[in-house]
Amino acid sequence: MSKYQSLDDAILARVKNRWPLGTMTHALIMATSQVRDLAEAAVAGTSRPAFRAVDARLQALRKKGLIEYSTALGWRLTA
């Protein structure tokens, strides 16, 4: 289990539950308190901002083929 697994799970849950409906942006994902808290815990003790951890995990999930980004829809699960 990756040390980022709980953060990945929270991001995937947020992307899956697209509320409000519309473009799922990085800011909307980061605005979720669970995602923000897990991101802050992941970077605790470093000078890295929490939003960078979320961005890195979004890219890692994209590379795994679990999510994709569209300029029209933002982040979404791949079927």
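Biologist: Is D8 buried or exposed?

Modeller: Buried means under 20% relative accessible area. In this predicted model, D8 has a relative accessibility of 2%, so D8 counts as buried.

Biologist: Which residue forms a salt bridge with D8?

Modeller: Side chains of opposite charge can pair when their charged atoms come close. Here the partner of D8 is R57, and the closest N and O atoms of the pair are 2.8 Å apart. R57 lies in helix α4 and D8 in helix α1 (residues 5-16), so this salt bridge ties together parts that are 49 residues apart in sequence. R57 has 13% relative accessibility and therefore counts as buried too.

Biologist: How many salt bridges does the structure hold?

Modeller: There are two. E68 and R76 form a salt bridge in which the closest N and O atoms are 2.9 Å apart. E68 is partly exposed, with a relative accessible area of 31%. R76 counts as partly exposed as well, at 32% relative accessibility.

Biologist: How do strands β1 and β2 run, parallel or antiparallel?

Modeller: Strand β1 (residues 67-70) and strand β2 (residues 74-77) run antiparallel, and four bridges join them. One bridge pairs I67 with L77 in β2. Between the strands, three residues make the hairpin connection.

Biologist: Now to the nonpolar residues. How many residues has the largest nonpolar core?

Modeller: In soluble globular proteins, nonpolar side chains tend to be buried together. In this model the largest nonpolar core has 18 residues. The residues with the most contacts inside this core are I11, V15, I29, V35, V54, L58 and W75.

Biologist: Which helices each supply at least two residues of this core?

Modeller: Helices α1, α2, α3 (33-42) and α4 each do. The largest share, five residues, comes from α4.

Biologist: Take L58 as an example. Which residues does L58 touch, leaving aside those up to four places away in sequence?

Modeller: L58 touches I11, H26, I29, I67 and W75. Among these, I11, I29 and W75 are also listed with L58 as having the most contacts inside the core. I67 is the residue whose bridge partner in β2 is L77.

Biologist: Last, the predictor's confidence. Which elements have the lowest and the highest mean pLDDT?

Modeller: Helix α2 (residues 26-30) has the lowest mean pLDDT among the elements, 90, and helix α4 (residues 50-63) has the highest, 96. For the protein, the mean pLDDT is 91. Of its residues, 95% reach a pLDDT of 70 or more.

How values were computed:
Residues numbered from 1 in each chain as written. Predicted model: local features only at pLDDT ≥ 70, side-chain atom pairs only at ≥ 80, totals over all residues. Heavy atoms only, no water. pLDDT = per-residue confidence, 0-100. Pairing = 2+ DSSP bridges. Salt bridge = Lys/Arg side-chain N within 4 Å of Asp/Glu carboxyl O. Buried < 20%, exposed > 50% of the residue type's maximum accessible area, 1.4 Å probe, protein only. Core = buried A, V, L, I, M, F, W, Y, C linked by side-chain atoms within 4.5 Å. Contact = heavy atoms within 4.5 Å.
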